[in-house]
Every structure is written in C-alpha cells, then in structure tokens.
Amino acid sequence: MSLRERKKAKTRALIQREALRLFRDQGYAATTVEQVAEAAEVAPSTVFRYFPTKEDLVLVDEDQDFLDALRDAPAELGAVGAVRHAMRVWTAAQSPEELAEGVERERLMLTVPEMWVSSLKSITGSVTAMQELLARRAGVPVEAMRNRTGAIVGVIFAVWLTWSSSPGSDGPAELDRALAELEVLDRAPAAPAPDPAVPEVRNAG
C-alpha cells in the first residue's frame, strides 16, 4: 500500500479499536459516535467517513479473504475439506489481536439486537457466495449444493456461538475439529436407494 493508504488503514483500525473498547466498557447503546471520535482523537466527521453508521463500527467485511482462500483451495478437496482449508488459511493470516477483536465483534453482533439485524444481510450474502463457489468447484448446479452448504454453515455457526460466549476458548481449533468430523461424513459413500422390488420390513412392535 502507499503511505496514504497505510495512514488511512491505521486510522480506520484505531477508530474501530477504540469503539470496541467503549462498547465493552460502557455498553453499545450508551456509547456515542462523538465519544468514539474523542477516544480516537479524530473528528466525528472522520468516524463517519470510515464508518457511515454506528453499526458499521462493528461490522467488518472480511468475507472476501475467506472466499479467496476457498476459491484457491486444492481442487481435490471436497466441499467440507475446501472450507476447512480456507478457514485455516484465513485464521493463520490474522494476528492474535485481530482474532480477539473478531470475537469481540461477533459477541456484539449476537447480543445487541440492532447489530444482529444489520449483520443478517451480510451473513446471507456470504452463505450464498460460499454455496456458489462450492457448486462451481464441484461442477454441479448451485441448488445441488444447498444442503451441504447448510450443514457446513450450521457447524460454523455452532462453534461461533460457543466461541463468542467463551472468548478464552480456541475458536479456530474447535472449528477445525468440528469441520473434520463433518468432513468424515462428507467422504462417506451415499446409502443406496431402496429397491422398489423388495418389500419394506416393518417392525411389528
């Protein structure tokens, strides 16, 4: 990045870091944009230039990095394996401080109603993009990847809920283990369809 871009990125990170600190210390609703600006030693107009709404101080569009990693995952990996690989790449690229800030943002999104509503659109878009990428990798219609994507998202969300409520836990490791379990099922051969010529045996009890 150029010097100007580095300065802008540094200012943006500082504003968001101070906002998260204030939200944690005195609550989201009680914190004003003016207070965030004062803590970051910038003008309120500068805060709004980087974050058009108060909710944007929490919401961060990091999904593109994950999607790029998913797109570049080895072709021989199945859907779950590719997502697991992408998650590893994505988390490895972040510092411990960035991961901790991510947990704080996610906790706010889960506990502040306004944040949850604002995040739904972003989450829906991310799931759709993941489904389209996985379908493209497998060479199947997007609709054919709906259930598998839903299973993957369900596992991710379950770990996300636990990690957000227990920041001391190792979220990336827990997610990797959970996806590993799902990957085993993903590799298992599909059960054969029942033969219509063979009568179904019912349990009389």
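Colleague: Which residues does Glu-183 touch, not counting residues up to four places away in sequence?

Modeller: The model under discussion is predicted. Glu-183 lies in helix H9, and Glu-183 is buried, with a relative accessible area of 8%. Once residues up to four places away in sequence are set aside, the residues that Glu-183 touches are Val-80, Gly-81 and Arg-84.

Colleague: How many helices and how many strands does the protein chain have?

Modeller: Read along the sequence, the protein chain follows the pattern α-α-α-α-α-α-α-α-α. Each symbol in this pattern is an α. The count for the protein chain is therefore nine helices and zero strands.

Colleague: What percentage of the contacts in the protein chain with a separation of 6 or more is accounted for by residues 24 or more positions apart?

Modeller: The protein chain has 205 residues, and buried residues make up 34% of them. Among contacts with a separation of 6 or more, the share from residues 24 or more positions apart is 64%.

Colleague: With which residues is Leu-175 in contact, leaving aside its neighbours within four places in sequence?

Modeller: Leu-175 lies in helix H9, and its relative accessibility of 11% is under the 20% limit, so Leu-175 counts as buried. Leu-175 and Val-159 are 16 residues apart in sequence, yet their C-alpha atoms are 6.0 Å apart in space. With the neighbours within four places left aside, the contacts of Leu-175 are Met-87, Ile-156 and Val-159.

Colleague: Which helix gives the most to the lining of the largest pocket?

Modeller: The largest pocket has a volume of about 910 Å³. Helices H4, H5, H6, H7, H8 and H9 each supply at least two residues of its lining. With seven residues, the helix that gives the most is H6.

Colleague: How do the residues of the lining of the largest pocket divide into nonpolar, polar and charged, and how many are there of each?

Modeller: The largest pocket is lined by 34 residues, and Asp-63, Trp-90, Glu-106, Ile-156 and Trp-160 lie nearest its centre. The residues of this lining divide into 21 nonpolar, seven polar and six charged.

Colleague: Is Trp-160 buried or exposed?

Modeller: Trp-160 is among the residues that lie nearest the centre of the largest pocket. The relative accessible area of Trp-160 is 14%, and this value is under 20%, so Trp-160 is buried.

Colleague: What is the angle between the planes of Phe-23 and Tyr-28, and what kind of pair do these rings form?

Modeller: A search of the whole structure finds two aromatic pairs. In the pair of Phe-23 and Tyr-28, the ring centres are 4.9 Å apart. Phe-23 counts as buried at 2% relative accessibility, and Tyr-28 counts as buried at 7%. An angle from 30 to 60 degrees counts as tilted, so the planes of Phe-23 and Tyr-28, at 55 degrees, make the pair tilted.

Colleague: What kind of aromatic pair do Phe-157 and Trp-160 form?

Modeller: Phe-157 and Trp-160 are three residues apart in helix H8 (residues 146–165), so about one helical turn separates them. Phe-157 is partly exposed, with a relative accessible area of 29%. The ring centres of Phe-157 and Trp-160 are 5.0 Å apart. The angle between the planes is 65 degrees, which is over 60, so the pair is edge-to-face.

Colleague: Which residue lies over the face of Tyr-28?

Modeller: Tyr-28 is a member of the tilted pair with Phe-23. At 4.4 Å from the ring centre of Tyr-28, the residue over its face is Lys-54.

Colleague: With which residues is Val-33 in contact, leaving aside its neighbours within four places in sequence?

Modeller: Val-33 is found in helix H2, and its relative accessible area of 9% is under 20%, so Val-33 is buried. The C-alpha atoms of Val-33 and Ala-43 are separated by 9.7 Å, with these positions ten residues apart along the chain as the separation. With its neighbours within four places left aside, Val-33 is in contact with Val-47, Phe-48 and Lys-54.

Colleague: Near what value is the phi of Glu-41?

Modeller: Glu-41 lies in the loop between helix H2 (33–40) and helix H3 (44–50), and Glu-41 is exposed, with a relative accessible area of 74%. Most residues other than glycine have a negative phi. Glu-41 has a positive phi, near 60 degrees.

Methods
Residues are numbered from 1 along each chain as its sequence is written. This is a predicted model: local features need pLDDT of at least 70, side-chain atom pairs count only at pLDDT 80 or more; totals for chains, interfaces and linings use all residues. Side-chain values use heavy atoms; hydrogens and water are left out. Helices (H or I, at least four residues) and strands (E, at least two) are DSSP runs, numbered from the N terminus. Buried means under 20% relative accessible area, exposed over 50%, partly exposed in between (1.4 Å probe, protein chains only). Rings of Phe, Tyr and Trp (its six-membered ring) pair if their centres lie within 6.5 Å; planes under 30 degrees apart count as stacked, over 60 as edge-to-face and the rest as tilted. A charge sits over a ring if NZ of Lys or CZ of Arg is within 6 Å of the ring centre and within 35 degrees of the ring normal. On a 1 Å grid over the protein atoms alone, a cavity is a set of points where a 1.4 Å probe fits but cannot get out, and a pocket is an open set with protein on both sides within 12 Å along at least five of seven lines; lining residues have an atom within 4 Å of a point. Grid points are joined across faces, edges and corners, and a volume is the space filled by probe spheres set on the points. Ala, Val, Leu, Ile, Met, Phe, Trp, Tyr, Cys and Pro count as nonpolar, Asp, Glu, Lys and Arg as charged, and the others, Gly among them, as polar. Contact means heavy atoms within 4.5 Å.
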